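Dear colleague,

Please find below the sequence and structure that I am handing over to you. My notes on what was found follow directly after it.

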Amino acid sequence: MTPRSARPSAGSEDQPHLLLISGIGGHPPAEALDSLSRLSPAVSVVHIAAWGDPEPVRADWAARGLRGEFLTAADLDDAVAVGLALHGRYPLSGVVTYSELLLRPQAELAERLGLPGNAPEAVTVAQSKSRQRQVFAEHGVPSPRFAEIREEGDLAEAARGIGLPAVFKPSLGAGSQSVRLVRTYEELLEAYRDGRATVSAFLQSEDVFLLEERLELEADGDSGWAAYCSVESLLAAGERHHLAVSDRLELRHGYAEEGASMPSRLDPAVQAAAVDCADRAIRAIGLTTGAVHTEIALTPRGPRVIEVNARAGGPMPVMFEVGAGYDYAEQIGRSALGLAPDTVPEFTRTALLRMVPIPAGEWLVAAQTPTEELMAAFPELAYVKPRFGPGQRASRSRTLHLATFMIGAPTPGRALELAERVERALGIELVEAGAPSEPAPVRAT
């Protein structure tokens, strides 16, 4: 570990020292550094190297000429130790992360240094779907009925108690990995064994799965949208600010997410009920600081909490930028400094994220359109991010999606139409892995 150090010329009151914890997931570090540098020229990084090479992030940090240090850590506990040592050399004013997998060291550092942040216990609850369900039951927050599964012997009782079909999911998880609709006991057993065998990206573990009451989320009639939404919130200086409601695209590949759109096209009364439900859930967990992403099922009996995440949903900072010119990542940094937001988003267009799921099976990517061609053909695109290149294998073991892209459009309806055109233009063709030579390719969708 080779620190690069500098000291600001002014006191910490004039130039607060922020620490970004990075390593995997969430808002890209380069973009996060741009946002945080608007708050202060003193931004250090602790990058957890367990998931890959830290050097590209180090280069991004160094290129910005920021004051502070770039440090690496081996794992979550080491990140806390490295952060504490940094504070001894150059006192920190706030600790920020944009990743679900890095919430624990952020909370532990903030607590030990007396800085603004969520209590570690609240983060533990927020990262555990099982603990969330228990807390919601205690506080009367509407959410699905559930049963815990700790071993294979719990499956039959869970199925009897919840009934089938039901939703199987890991208590600790992200990105809908291992979340499945199970219709029979045999499917439940298969989902449990597959879940046990799946290698999680999390460095911590929780050896619990859930079987939950099925909420029919897949589609809201024939609207093209799913029957759930999310509430995007910012907690700062003792207040909860609910910034936007995001719609979800219709689910057509199981529980693999298909995309999101903001601002919501839902009736204001429906949005208000969803926000109220999210607010109750956030208070029940005890979250106080930073971004919160709360998924809400829209059922005939009213809104019900699917889950609360104590961070910004992965694409949300960019969606706020595309739809409202709003720097959500910067406002999250303000919260870490104990400051209230100094602006709110004012949407001038719809931002839509499309996530193209991988069909079930093992595939080879036979063809896809180069990103540069797509960006040139569709000026409405903010970005296109293929997950695989031609010749690479694609399956749901690593990620659920072939590609993601984001567009800006005047209305939600126009955004849906445009997303369909872009998706066709992606030109992703798949062939079955291990199939005879030159099989007929199939479109990803």
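In this predicted model, D327 counts as buried because its relative accessible area is 16%, under the 20% cut-off for that class. The residue belongs to the loop that runs between helix 10 (316-324) and helix 11. Apart from neighbours within four places in sequence, D327 is in contact with S35, R38 and E321.

The side chain of D327 also meets the backbone at the start of helix 11. One of its side-chain oxygens comes to within 3.3 Å of the backbone nitrogen of A329. In addition, a polar atom of the D327 side chain lies 2.9 Å from the backbone nitrogen of E330.

Helix 11 itself spans residues 328-336 and is mostly covered, with nine of its nine residues buried. Among these buried residues are Y328, E330, Q331 and R334, and I332, G333 and A336 are buried in the helix as well. Just after helix 11, G338 adopts a positive phi of about 80°.

A separate point concerns the pockets. The second largest pocket has a volume of about 610 Å³. It is lined by 22 residues, of which S178, V179, R180, R396 and L400 are the closest to its centre. By character, the lining of this pocket comprises seven nonpolar, nine polar and six charged residues.

I would suggest beginning your own viewing with D327, in the loop between helix 10 and helix 11, and then turning to the second largest pocket, with its volume of about 610 Å³.

With kind regards

Definitions and conventions. Residues numbered from 1 in each chain as written. Predicted model: local features only at pLDDT ≥ 70, side-chain atom pairs only at ≥ 80, totals over all residues. Heavy atoms only, no water. 1 Å grid on protein atoms, 1.4 Å probe; cavity = no way out; pocket = protein on both sides within 12 Å on 5 of 7 lines; lining within 4 Å. Points joined across faces, edges and corners; volume = space filled by probe spheres on them. Nonpolar A, V, L, I, M, F, W, Y, C, P; charged D, E, K, R; others polar. Buried < 20%, exposed > 50% of the residue type's maximum accessible area, 1.4 Å probe, protein only. Helix = DSSP H or I, 4+ residues; strand = E, 2+ residues; numbered from the N terminus. Polar contact = N/O pair within 3.5 Å; in protein donor to acceptor, adjacent residues only side chain to side chain. Contact = heavy atoms within 4.5 Å.
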